[in-house]
Amino acid sequence: MRNYQTFLDGIALGFFLGFLAFYLFYRFKNTRPKKPKSEIDRLVDDIQRYYRRVSEGKREDIE
């Protein structure tokens, strides 16, 4: 009986830790601010994309 009790305790502990990890991950994901991109953010993304392509040798002109 002792082996079964240890097995069931392990299952209960695993379930509890899994639930706790899921809850903390879900809470962390929802607390991050979700702000829309502004024009400056889009411009910075375009500049980063351009220089990334230049460093890879795939230069494209941006108007």
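Biologist: What makes up the secondary structure of the protein, in helices and strands?
Modeller: The protein has two helices and zero strands. Please note that this is a predicted model.

Biologist: How do you know what span to expect of helix 2?
Modeller: Helix 2 covers residues 39–56, which is 18 residues, and 1.5 Å a residue leads to an expected 26 Å. From its first C-alpha to its last, helix 2 reaches 26 Å, close to that expectation. Gly57 follows helix 2 and has a positive phi, near 85°.

Biologist: How does the radius of gyration of the protein stand against that of a compact globule of 63 residues?
Modeller: Such a globule would have a value near 11 Å, but the protein has 25 Å. The C-alpha trace spans about 75 × 30 × 10 Å along its principal axes. Buried residues make up 0% of the 63.

Biologist: Why is the aromatic pair of Phe22 and Tyr26 called stacked?
Modeller: The ring centres of Phe22 and Tyr26 are 6.3 Å apart and the planes differ by 20°; a pair needs centres within 6.5 Å, and planes under 30 degrees apart count as stacked, so the name applies. The two residues are four apart in helix 1 (residues 2–31), about one helical turn.

Biologist: Why is Phe22 called exposed, and Tyr26 partly exposed?
Modeller: Exposed means over 50%, and Phe22 has a relative accessible area of 55%. Tyr26, at 49%, is therefore partly exposed.

Biologist: What makes the pair of Tyr50 and Tyr51 edge-to-face?
Modeller: The centres of Tyr50 and Tyr51 lie 5.3 Å apart, with 75° between the planes; an angle over 60 counts as edge-to-face. Tyr50 is partly exposed at 22%, whereas Tyr51 is exposed at 54%.

Definitions and conventions
Residues numbered from 1 in each chain as written. Predicted model: local features only at pLDDT ≥ 70, side-chain atom pairs only at ≥ 80, totals over all residues. Heavy atoms only, no water. Expected span 1.5 Å × (residues − 1). Rg over C-alpha atoms; globule rule 2.2 N^0.38 Å. Buried < 20%, exposed > 50% of the residue type's maximum accessible area, 1.4 Å probe, protein only. Phe/Tyr/Trp six-rings, centres within 6.5 Å; stacked < 30°, edge-to-face > 60°.
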